[in-house]
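Thanks for making the time this morning. I would like to walk you through one model, so please bring up the view on your own screens as we go.

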Amino acid sequence: MTPVPDTGLTFTADNKIATLQMTNVPIIDQPRWPAMDAETTPAFMDFKLVFKATDQPVKYEDAARQYRFEGFKATAQLEAAFRVPSIDFSFKTDPLETSSCDFAVMGSGVNGKYYEAVKSS
Amino acid sequence: MKVTLNPECAVRKLSDCEDGNDQGPGLKLDRRHLIKMGAASVFATLLPIRPLQAQSEPQSCAPAIPQNHAPSNGGSCPYPIPWLDKNGNHNQSPMPNVELSNIYHFKGKLARCNGFHGMGTDNKGNRLAWGNPTTDYSYMAGEYWAARQTHQAIFAHT
């Protein structure tokens with residue numbers, strides 16, 4: 001996980017569209033992952049990720065594991081650029097609107113010590 | 001999270017492009033063009049947390065050694081989900097009815113997505129497909145509990 005500056009995540013007024021945008025995120029290029037001895041190479045990425053909520057609500061909850069997620073199914077699209085300086089490789093995706101994903105949800109979650117304290121809506 | 005760049009995926013079904021060791025006879029000689037971008041922003045590597053574009057040396061969230069007999073309440077790193085690998089890239093993929101947060105003792109805004117499909121171009125002009133079922137992004141924005149106090153933060157899993 002990577003800490004995000006306050007300006008990196010924005011929402012529309014109705015909270016139905018979220019945009020996560022970051023630059024120069026340090027990542028690793030690990031072509032042989034998940035092999036135990038898979039070598040890594042430092043790399044960087046810039047990306048813009050846009051979630052758009054649908055009107056279809058979802059609620060995932062497990063009292064035994066003390067988590068609850070309430071939100072909406074969503075769409076998500078991604079535009080990104082990757083750089084691996086040591087091998088002079090870079091890659092840029094096509095524009096945001098050309099991408100798609102199989103699963104996306106957005107909403108709010110509580111777990112652990114907050115599970116009992118925050119009531120389900 | 002991994003973003004997989006594989007030119008063969010441009011002409012094959014995504015299911016044909018699952019992760020493997022890529023050491024089969026079909027591998028093209030130009031390995032660099034077959035690069036798989038294991039963009040693993042690993043949960044465990046929150047030690048130390050590295051603020052993006054920070055102007056100063058990042059502070060570690062590891063527990064400090066107390067001075068003058070002060071109490072020790074642990075570090076400010078978020079707790080991982082107890083039943084999952086603390087390395088984010090080994091966590092379960094987002095899907096219905098699973099824990100979607102990467103942080104335990106968390107409340108706030110949360111979104112997860114995976115299974116991206118798309119195309120792009122490398123610096124040699126090659127058109128490549130990207131994305132696979134584990135291409136997984138998220139944000140978590142809110143409050144978490146660590147070191148016996150609350151913290152406000154925004155995190156992304158990329």
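I will talk about how the two chains touch and then about how strands pair there.

Please keep in mind throughout that this is a predicted model. Starting with the contact between the chains, 63 residues of chain B are in contact with 62 residues of chain A. On the chain B side, at least two residues each come from strand 2 (36-37), strand 3 (106-122), strand 4 (127-130), strand 5 (136-146) and strand 6 (149-157). Strand 3 of chain B makes the largest contribution to that side, with 17 residues. If we sort the residues of chain B that touch chain A by character, we find 33 nonpolar, 19 polar and 11 charged.

Now, which strand of chain A pairs with strand 3 of chain B? It is strand 7 of chain A, residues 100-111, and the two run antiparallel, with 10 bridges between them. To give you places to look along this pairing, Met106(A) lies opposite Ala111(B), while Gly107(A) has Leu110(B) opposite to it.

Strand 7 of chain A also has a partner within its own chain, since strand 5 of chain A, residues 67-84, is joined to it in the antiparallel sense by seven bridges. In that pairing, Tyr67(A) has Asn111(A) of strand 7 as its bridge partner. So, to close, strand 7 of chain A pairs with strand 3 of chain B and with strand 5 of chain A.

Note on methods:
Residues are numbered from 1 along each chain as its sequence is written. Chains are lettered from A and ligands numbered from 1 in the order in which they are written. This is a predicted model: local features need pLDDT of at least 70, side-chain atom pairs count only at pLDDT 80 or more; totals for chains, interfaces and linings use all residues. Two residues are in contact if their C-beta atoms, placed from the backbone, lie within 7 Å. Helices (H or I, at least four residues) and strands (E, at least two) are DSSP runs, numbered from the N terminus. Ala, Val, Leu, Ile, Met, Phe, Trp, Tyr, Cys and Pro count as nonpolar, Asp, Glu, Lys and Arg as charged, and the others, Gly among them, as polar. Two strands pair if DSSP finds at least two bridges between them.
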